[in-house]
Amino acid sequence: MQMKKLAALTASIASLAVVLSACSSGATPAANSPAASTASNEKVELTVATFNEFGYTDAMFAEYTKAHPNVTIKQKKAGKSQEAHDNIITRLAAGGSGLADIEAADSDWMPELKPQADKFADLKSGDTDGRWLDWVSAQATTTDGKLLGYGTDIGPEATCYRKDLFAKAGLPSDRAGVKKLLDGDWNHYFTVGKQFKAKVPNVGWYDSAGAVMNARVQQLENPYSSTKPEETVIPLDQNTQIKNLYDTTLQASVNDKLSAGLGQWGDDWMAAFQKGSFATMQCPSWMLGVIEGAAAGQTNWDVASTFPGGGGNWGGSYLTVPAAGKHVEEAKALAAWLTAPEQQLKAFASKGNFPSQVQAQSSPELAKATNKFFNNAPTGTIFAERAKAVATQPFKGEHYFALNTIVGEAIGRVDVDKTDDAAASWQKAVAAAKEITG
């Protein structure tokens, strides 16, 4: 569930109106980006390995190669982030042989990559300081100061909702009214959900208990590991904060029937967008493209600048440069250019990937962004507000990705598969966690 932009993220958001004339006139890098020039005039081919959708278009690559005629670029795109994750981890174990010149990495993988920092080029330079939000840089920085990746995007969360279903339940349906209605903690969100269900009993208040659980985990400072005096994994059977979220999420989702009981990214989930099976969902910026693709032809989707508990971030990725590559300097130059403010704005216009660059977040182009599919919602302004609302970023230790997956699977057995009750599914999660952490 925590995987960023999975196979479903093939949808275009061509309707996103972003004025980019100021940053589409050439391949000149931003003032706060390292010079995007190659080390020599040698003919080189650079392979860029991404997953799902990073918003990198053929036109963007053509813009770069026009300014660097000795360079050709080949993009390899994995269908799912898990596929890309397994590939990079397997090849690193073999010394890095076979990796692309530029490898995209999800933020959740960084704890696994940091112990192998010697297998990546250090991307830190004098002009990388202050380029990203502090927590974005921190996730990709080793304890000795090595920068493993250039940040591509982040996933500040808003609330996407169906205007028609809100109106049917007698709830406010305009963005300002929805924000006022939903501002509050998770208990408040669940309470409003019960009000909705009382009027529209055959529709879920939200799509997935797994998505709710993941969003709540992202608001914890230390979900699976303690960091004092050094990192220590919290045994799952002793992890009271995760168990509390697990219990209360399933209480609301299953007992109170607020969840539509759908597994995100599955066929049933995709089909539910056309059926109007749920009224709200946790919505990082990149989810806009998913919804537009799955709900094509629908006219009632909107997005409000509110999120239970104040704020949260789901997703965010990096471009890394494996040290074993044949063209490390050229790859660093291309990775810097792809993550410069101009290109981050283009990726947002193309696929909804919200910029992680400070300069891009404060640009007039972003402030003008609207999304026609979401009833012309001012998405640039909305997600800039949501990015500022992110108060906590969870510490992600080496086992974070695996443990969060185990807990998500436990939620799914109860909410989606209905093969276990909450207690039995939790015990299976505890056993699976012990196999990983001992």
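**Figure 1. N375, a loop residue that is partly exposed.** In this predicted model, N375 has a relative accessible area of 30%, so it counts as partly exposed. You will find N375 in the loop between β13 (370-371) and α16 (379-388). Look at its backbone too: phi of N375 is near 55°, a positive value in a residue other than glycine. N375 also appears in the contact list of W301, a residue we come back to in Figure 4.

**Figure 2. W265, a loop residue with a positive phi.** Here the backbone angle phi is near 85°, and W265 is not a glycine. This tryptophan sits in the loop between α9 (240-255) and α10 (267-275). Is W265 buried or exposed? With a relative accessible area of 17%, W265 is below the 20% cut-off, so W265 is buried.

**Figure 3. The disulfide between C160 and C283.** How many disulfides does a search of the whole structure find? The search finds 1, and C160 and C283 form it, with their sulfur atoms 2.1 Å apart. The two cysteines link distant parts of the chain: C160 belongs to strand β5 (residues 150-162) and C283 to strand β9 (residues 278-284), 123 residues apart. The torsion about the S-S bond is about -55°, so this disulfide is left-handed. C160 is at 0% relative accessibility and therefore counts as buried. C283 is also at 0%, so C283 counts as buried as well.

**Figure 4. W301 and the largest nonpolar core.** In soluble globular proteins, nonpolar side chains tend to be buried together. The largest nonpolar core in this model has 79 residues, and the members that touch the most others are M287, I291 and W301. Helix α12 (residues 328-338) gives the largest share of this core, 8 residues. A second, separate core of 24 residues includes V192, Y206, V212 and F307. What does W301 touch, not counting residues up to four places away in sequence? Its partners are C160, Y161, R162, F273, F278, M281, I291, A295, F373, F374 and N375. You have already met C160 in the disulfide and N375 in its loop.

**Figure 5. Aromatic rings in pairs and in a cluster.** A pair of aromatic rings is described by the distance of the centres and the angle of the planes. The count for this model comes to 27 aromatic pairs. In one of them, the rings of F373 and F374 have centres 5.3 Å apart and planes at 75°, so the pair is edge-to-face. Both F373 and F374 are buried, and both are touched by W301. Elsewhere in this view, ring pairs link Y161, F166, W186, Y189, F190, F196, W205, Y206 and F307 into a cluster. Two of these names, Y206 and F307, also appear in the second core. One more ring to look for is that of W426: K243 lies over its face, at 5.7 Å from the ring centre.

**Figure 6. Helix α6, with a buried side and exposed residues facing away from it.** Which residues of α6 (residues 175-182) are buried? They are G177, V178, L181 and L182. These residues cover an arc of only 115° around the axis, which puts them on the same side of α6. Turned away from that buried side is a face with the exposed residues A176 and K180. The buried residues pack against β5, α5 (163-168), α7 (186-199), β6 (204-206) and β10 (301-304). After the helix comes G184, whose phi is positive, near 155°.

**Figure 7. Helix α12, mostly covered.** Of the 11 residues in α12, 9 are buried. They are V328, E330, A331, A333, L334, A335, A336, W337 and L338. K332 lies in α12 too. Leaving out residues up to four places away in sequence, K332 touches A121, D122, L123, Y150 and V321. L258 is 74 residues from K332 along the chain, and their C-alpha atoms are separated by 47 Å.

**Figure 8. Q344, a buried residue in helix α13.** Q344 has its place in α13 (residues 341-351). Its relative accessibility is 2%, so Q344 counts as buried. Which residues is Q344 in contact with, leaving aside its neighbours within four places in sequence? The list is W132, G151, T152, L338, T339, N353, P355, S356, Q357 and A360. One of these, L338, is among the buried residues of α12.

Notes:
Residues are numbered from 1 along each chain as its sequence is written. This is a predicted model: local features need pLDDT of at least 70, side-chain atom pairs count only at pLDDT 80 or more; totals for chains, interfaces and linings use all residues. Side-chain values use heavy atoms; hydrogens and water are left out. A disulfide is a pair of cysteine sulfur atoms within 2.5 Å. Helices (H or I, at least four residues) and strands (E, at least two) are DSSP runs, numbered from the N terminus. Buried means under 20% relative accessible area, exposed over 50%, partly exposed in between (1.4 Å probe, protein chains only). Rings of Phe, Tyr and Trp (its six-membered ring) pair if their centres lie within 6.5 Å; planes under 30 degrees apart count as stacked, over 60 as edge-to-face and the rest as tilted. A charge sits over a ring if NZ of Lys or CZ of Arg is within 6 Å of the ring centre and within 35 degrees of the ring normal. The arc is that of the directions from the helix axis to the C-beta atoms. Contact means heavy atoms within 4.5 Å. A nonpolar core is a set of buried Ala, Val, Leu, Ile, Met, Phe, Trp, Tyr and Cys residues joined through side-chain atoms within 4.5 Å.
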